[in-house]
Amino acid sequence: MSSEGYRLAVVGATGQVGTLMLALLRERAFPAQEIVPFASARSVGRELEGGLVVRGLSDESIQGFDLALFSAGGSTSGEWAPKFAATGAVVIDNSSRWRMQDDVPLVVSEVNPEALDSHHGIIANPNCSTMQMVVALKPLHDEAGIERLVISTYQAVSGTGKAAVDELLDQAHALLHQREIEPPSAYAHQIAFNALPHAGSFAPGEDHTDEERKLIDETRKILGDPAIRISATCVRVPVVNGHSEAVNVQTRRELSPERARELLAAAPGVTVLDDPDAALYPLAIDATGSDEVFVGRIRRDPGHERALDLWIVADNLRKGAATNAVQLAELLHERGLVRAQGAPSAA
Ligand SMILES: NC(=O)c1ccc[n+]([C@@H]2O[C@H](COP(=O)([O-])OP(=O)(O)OC[C@H]3O[C@@H](n4cnc5c(N)ncnc54)[C@H](OP(=O)(O)O)[C@@H]3O)[C@@H](O)[C@H]2O)c1
């Protein structure tokens with residue numbers, strides 16, 4: 001850290017995303033004069049890597065920050081993000097709490113950075129499945145206009161939080177040793193050696209999970225096109241980290257697989273891995289640890305002359321959360337936007 005630069009708060013600093021955000025701020029040499037980690041009362045006083053000591057959130061402890069990066073869940077964001085914004089800090093929030101509010105920009109650094117210009121103190125980081133998908137869809141949308149998407153996700157347990165990763169590993173260990181598993185708590189059913197068509201949760205009477213609704217609503221908001229028709233099924237699979245997605249993309253204008261491959265190869269933040277003969281396609285275990293979005297299996301949908309099929313994979317904790325949050329902080333810095341312009345109205 002330098003003697004020049006911003007005062008930054010990282011809220012949820014002990015979690016999976018928070019830990020990565022701290023590491024990325026260091027790695028990418030973000031101009032910070034001071035970084036203060038916040039977490040729940042359970043962690044106050046804990047020393048993190050680099051000697052940072054966790055603080056608790058209070059009206060006094062949140063004063064004097066320029067930026068606050070949140071990854072502590074929706075209720076913490078609901079309560080504390082407006083309070084940080086009211087002090088003059090700009091909040092970048094990883095939870096779903098503010099994403100669909102009209103006066104809160106929902107931003108992916110490679111896709112709609114211009115949306116940052118209209119912020120009112122809180123900026124939302126999209127859901128991880130949406131994030132990686134729109135990075136890959138943006139160049140195709142610009143070229144041919146997306147008319148309809150049919151999405152199936154294969155989502156890693158790290159997307160649910162640390163407790164879910166422990167549950168998968170504990171269950172797998174128990175089952176491999178022919179022992180009974182503990183009753184599941186992160187999910188409704190056993191996740192080890194299984195696939196759950198239930199990523200997120202069902203509100204009473206809802207036939208889609210909130211995760212599926214996020215994919216639909218957030219994609220339209222980020223691409224700025226409410227007319228895109230979207231069908232989504234989100235599935236939790238026993239993968240520790242790295243979300244995979246099979247996406248059928250129907251365009252308004254003709255788009256060949258060759259042209260799509262060309263556009264994707266030139267797109268920022270995208271790496272094309274597409275040589276089926278050599279068994280080369282994106283894999284969750286390879287994407288883990290990378291900030292890129294990987295795309296492969298680019299092919300014509302034999303059932304529709306204006307549709308393509310894609311396989312999109314990324315590290316959900318990095319590009320799906322922490323990396324984009326830090327990239328947004330960098331963009332705010334570059335654009336001279338690290339100043340709140342009045343907190344957004346309460347939803
Ligand atoms: N995991 C993903 O792929 C992903 C992707 C996009 C967005 N997100 C979002 O990012 C957030 C965190 O996810 P995660 O996977 O990092 O979860 P996690 O590993 O469970 O970490 C949660 C963090 O929030 C803190 N926290 C919990 N309650 C708090 C409170 N009342 N006040 C202050 N801090 C509190 C925890 O502190 P303690 O350690 O003290 O409990 C911990 O630092 C969630 O909103 C999630 O939806 C996650």
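1. Buried here means under 20% relative accessible area. By that cut-off, five of the seven residues of β2 are buried, so the strand is mostly covered. The model is a predicted one.

2. β2 has a parallel partner. β1 and β2 are joined by six bridges and run parallel. One register point to check on screen: Tyr6 is bridged to Ala32 in β2.

3. Both of these strands meet α1. The helix spans residues 16–27, twelve in number. From first C-alpha to last, α1 reaches 16 Å, close to the 16 Å expected at 1.5 Å a residue.

4. Which residues of α1 are buried? They are Gln16, Val17, Gly18, Leu20, Met21, Leu22, Leu24 and Leu25. The cover over the buried residues of α1 includes strands β1 (6–11), β2 (32–38) and β3 (67–70). Helices α4 (162–176) and α8 (318–334) are also among the covering elements.

5. Look at the residue after the helix. Ala29 follows α1 and has a positive phi, near 50 degrees.

6. Now the ligand. It is surrounded by 26 residues. Thr14, Gln16, Ser40, Arg42 and Ser43 are the closest. Gln16 also belongs to the buried set of α1.

7. Three contacts to ligand oxygen deserve inspection. Thr14 places a polar side-chain atom 2.5 Å from an oxygen atom of the ligand. Gly12 uses its backbone: an N or O atom there lies 3.1 Å from a ligand oxygen. In Asn316, a side-chain N or O atom is 3.1 Å from an oxygen atom of the ligand. On its own the ligand has 910 Å² of accessible area, and the protein covers 78% of it.

8. A further group of strands involves β10. Strand β9 (residues 270–272) pairs with β10 (residues 293–300) in the parallel sense, over three bridges. Thr271 stands opposite Phe294 of β10.

9. What is the sense of the pairing between β10 and β11, parallel or antiparallel? The two run antiparallel, and six bridges join them. β11 covers residues 307–314. Val293 has Ala314 in β11 as its bridge partner. The connection is a hairpin of six residues.

10. β10 therefore pairs in both senses, given that at least two bridges count as pairing: parallel with β9, antiparallel with β11. When following side chains along these strands, recall a general rule. In a regular strand, side chains alternate between the two faces of the sheet.

Definitions and conventions
Residues are numbered from 1 along each chain as its sequence is written. This is a predicted model: local features need pLDDT of at least 70, side-chain atom pairs count only at pLDDT 80 or more; totals for chains, interfaces and linings use all residues. Side-chain values use heavy atoms; hydrogens and water are left out. Helices (H or I, at least four residues) and strands (E, at least two) are DSSP runs, numbered from the N terminus. The expected span of a helix is 1.5 Å times one less than its number of residues. Buried means under 20% relative accessible area, exposed over 50%, partly exposed in between (1.4 Å probe, protein chains only). Contact means heavy atoms within 4.5 Å. A residue is near a molecule or strand if one of its heavy atoms lies within 4 Å of it. A polar contact is a pair of N or O atoms within 3.5 Å; within protein, one must be able to donate a hydrogen and the other to accept it, and residues adjacent in sequence count only if both atoms are side-chain atoms. Accessible areas come from the Shrake-Rupley method with a 1.4 Å probe; for residues, only the protein chains shown count as cover.
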